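User: I would like to learn how to read a few features of a protein model, one at a time. Could you give me the general idea for each and then the case in hand?

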Amino acid sequence: MGRSGGGGGEGSGAGGPGPGLRAHLGALLRAPPRAPLLLSVLLLGTYFFYCLSGPCAAARPPSQPAAPPATRAPQPPSWAPRPGRLLPAAAAEPEDPPEPEAQRGGAGTPGGGGLPLASSFGSRRFPQALIVGVKKGGTRALLEFLRVHPDVRALGAEPHFFDRCYNKGLAWYRSLMPRTLDGQITMEKTPSYFVTKEAPRRIHNMSQDTKLIVVVRNPVTRAISDYTQTLSKNPSIPSFQALAFRNGSSGLVDTAWSAVRIGIYAKHLDNWLQYFPLSHFLFVSGERLVSDPAGEMGRVQDFLGLKRVVTDKHFYFNETKGFPCLKKPEGSSRPRCLGKSKGRPHPHIEEHVVQRLREFYRPFNLKFYQMTGQDFGWD
């Protein structure tokens with residue numbers, strides 16, 4: 001019995017764990033496994049290290065909006081500023097949808113040049129300057145020459161707002177205008193304004209500070225040019241002589257005919273001077289615009305407060321058309337001349353008819369010279 005008891009005690013010490021060891025092993029088995037936890041900590045640490053030092057650092061911060069999908073870049077507008085030019089701090093009018101492509105300028109177009117910018121820059125403003133007359137005086141040439149200047153943005157078509165479309169309202173009129181930046185001038189030209197009785201009052205109501213440009217030409221030559229244009233559209237009209245005089249060449253000059261009436265410049269100017277002082281006008285010689293385009297353009301740029309950018313280097317004389325054209329712009333294959341409707345050959349008008357018209361216009365011309373302080377040399 002004593003051996004048996006001693007043998008049992010030895011078995012417990014050598015053949016199996018003692019009570020202390022068994023307690024320790026039980027605690028280990030009851031504890032949660034640590035290997036998965038350690039592995040998770042290791043993976044998270046590696047991930048954060050990778051993000052801080054690698055690709056994640058290039059991601060856009062949450063505070064910045066993600067870039068929109070790439071789209072086709074818009075065509076550069078003709079008013080795009082030169083390098084270093086600041087954009088306006090505030091727009092004169094809330095922005096509205098971008099202009100259609102057909103209304104934008106750009107490099108190689110009149111008024112083009114500068115850095116490409118989206119058309120949403122700038123604001124639509126009422127014109128600060130208008131070319132108000134006269135028909136067949138050279139207004140289209142002047143407008144195209146001006147559009148070469150980077151600080152001029154001009155509407156290409158004649159809107160006829162102050163004579164035909166006034167009922168559409170000023171908001172409609174402004175919506176037609178191209179966008180401009182601070183320091184740029186908005187312009188339009190409609191030659192019929194000069195002979196429209198209501199036009200000066202309406203323009204004054206829009207802005208009494210508007211600058212007004214009138215291109216004038218020898219009224220006899222202007223009348224013949226006017227007739228030539230009408231004849232090209234309607235070959236069946238009566239002769240120039242039949243329209244200019246009430247009873248043939250022996251009758252009185254018919255001032256009801258618009259081709260004659262437009263050339264009575266003093267009468268029309270008198271109406272304008274009721275609303276605008278003479279200092280708001282610039283009278284451009286249509287003849288000198290042909291013979292010395294750079295000289296007349298210098299006067300126009302000074303009047304508009306612009307730097308003299310358009311100079312003699314921009315022009316060459318087209319012998320076929322008989323008037324100056326703009327030299328080809330950079331990147332263009334040919335120069336820019338006015339359309340085929342300009343420079344049409346005039347029909348032959350008998351000398352005695354021309355002489356009678358000269359005599360008719362002479363007193364009006366002299367009064368016009370006196371009113372403007374300029375002798376245009378038509379007499």
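User: Which ring does the charged end of Arg174 sit over?

Analyst: Bearing in mind that this is a predicted model, the charged end of Arg174 sits over the ring of Phe126, at 5.3 Å from the centre of that ring. A further case is Lys211, which lies over the face of Phe303, with 5.6 Å to the ring centre.

User: How many aromatic pairs does the count come to, and how should I read one of them?

Analyst: A pair of aromatic rings is described by the distance of the centres and the angle of the planes. In this model the count comes to 26 aromatic pairs. One of them is formed by Phe162 and Tyr193, which are edge-to-face, with 5.5 Å from centre to centre and 75° between the planes. This pair links distant parts of the chain, 31 residues apart: Phe162 belongs to the loop between strand E3 (152–154) and helix H5 (170–176), while Tyr193 belongs to the loop between strand E5 (185–189) and helix H6 (199–206). Phe162 is buried, with a relative accessible area of 0%, and Tyr193 is likewise buried, at 0%.

User: What are the distance and the angle for the rings of Phe360 and Phe364, and where do these two residues lie?

Analyst: The ring centres of Phe360 and Phe364 are 5.4 Å apart and the planes stand at 55°, so this pair is classed as tilted. An α-helix has 3.6 residues a turn, so residues three or four places apart point the same way. Here both Phe360 and Phe364 lie in helix H13 (residues 351–372), four residues apart, which is about one turn of the helix. Phe364 counts as partly exposed, its relative accessibility being 29%.

User: Which residues form one aromatic cluster?

Analyst: The cluster is formed by Phe194, Tyr265, Trp272, Phe276, Phe281, Phe283, Phe368, Tyr369, Phe376 and Trp378. Of these, Phe281 is a useful one to follow, since it leads into the next element: Phe281 lies in strand E8 and is buried, with a relative accessible area of 6%. Phe281 also illustrates how sequence and space may be compared, as Phe281 and Val214 are 67 residues apart in sequence and 7.3 Å apart in space, C-alpha to C-alpha.

User: Is strand E8 mostly covered or mostly open, and which residues lie on each of its sides?

Analyst: Strand E8 (residues 281–285) is mostly covered, with five of its five residues buried. To read a strand, one takes its two faces in turn: Phe281, Phe283 and Ser285 are on one side of E8, Leu282 and Val284 are on the other, and all are buried, which leaves both faces covered. Strand E8 is joined to strand E6 (residues 211–216) by five bridges, and these two strands run parallel. Within this pairing, Val215 has Val284 of E8 as its bridge partner.

User: What is the volume of the largest pocket, and which residues lie nearest its centre?

Analyst: Rolling a probe the size of a water molecule over the atoms shows where empty space is left. In this model the largest pocket has a volume of about 1000 Å³. Its lining comprises 44 residues, with Lys135, Lys136, Gly137, Gly138 and Arg217 nearest the centre. Among the elements that give two or more residues to this lining are H4, helix H7 (219–233) and strand E10 (323–326).

User: Where does UniProt place the feature "active site", and which "binding site" residues does the lining of the largest pocket take in?

Analyst: The unreviewed UniProt entry places "active site" at Lys136, a residue in the loop between strand E2 (129–133) and helix H4 (139–146). Lys136 is buried, at a relative accessible area of 15%, because the cut-off for buried is under 20%. The same unreviewed entry places "binding site" at positions including Lys136, Thr139, Ser225 and Pro345. From that set, the lining of the largest pocket takes in Lys136, Gly137, Gly138, Thr139, Arg140, Arg217, Ser225, Lys342, Gly343, Arg344 and His346.

User: How many residues of H4 are buried?

Analyst: Seven of the eight residues of H4 are buried, so this helix is largely enclosed by the rest of the structure. The buried residues are Thr139, Ala141, Leu142, Leu143, Glu144, Phe145 and Leu146. For Thr139, the relative accessible area is 4%.

Conventions
Residues are numbered from 1 along each chain as its sequence is written. This is a predicted model: local features need pLDDT of at least 70, side-chain atom pairs count only at pLDDT 80 or more; totals for chains, interfaces and linings use all residues. Side-chain values use heavy atoms; hydrogens and water are left out. Buried means under 20% relative accessible area, exposed over 50%, partly exposed in between (1.4 Å probe, protein chains only). Two strands pair if DSSP finds at least two bridges between them. UniProt positions are given in the numbering used here, feature names are shortened, and annotations may be inferred rather than shown by experiment. Rings of Phe, Tyr and Trp (its six-membered ring) pair if their centres lie within 6.5 Å; planes under 30 degrees apart count as stacked, over 60 as edge-to-face and the rest as tilted. A charge sits over a ring if NZ of Lys or CZ of Arg is within 6 Å of the ring centre and within 35 degrees of the ring normal. On a 1 Å grid over the protein atoms alone, a cavity is a set of points where a 1.4 Å probe fits but cannot get out, and a pocket is an open set with protein on both sides within 12 Å along at least five of seven lines; lining residues have an atom within 4 Å of a point. Grid points are joined across faces, edges and corners, and a volume is the space filled by probe spheres set on the points.
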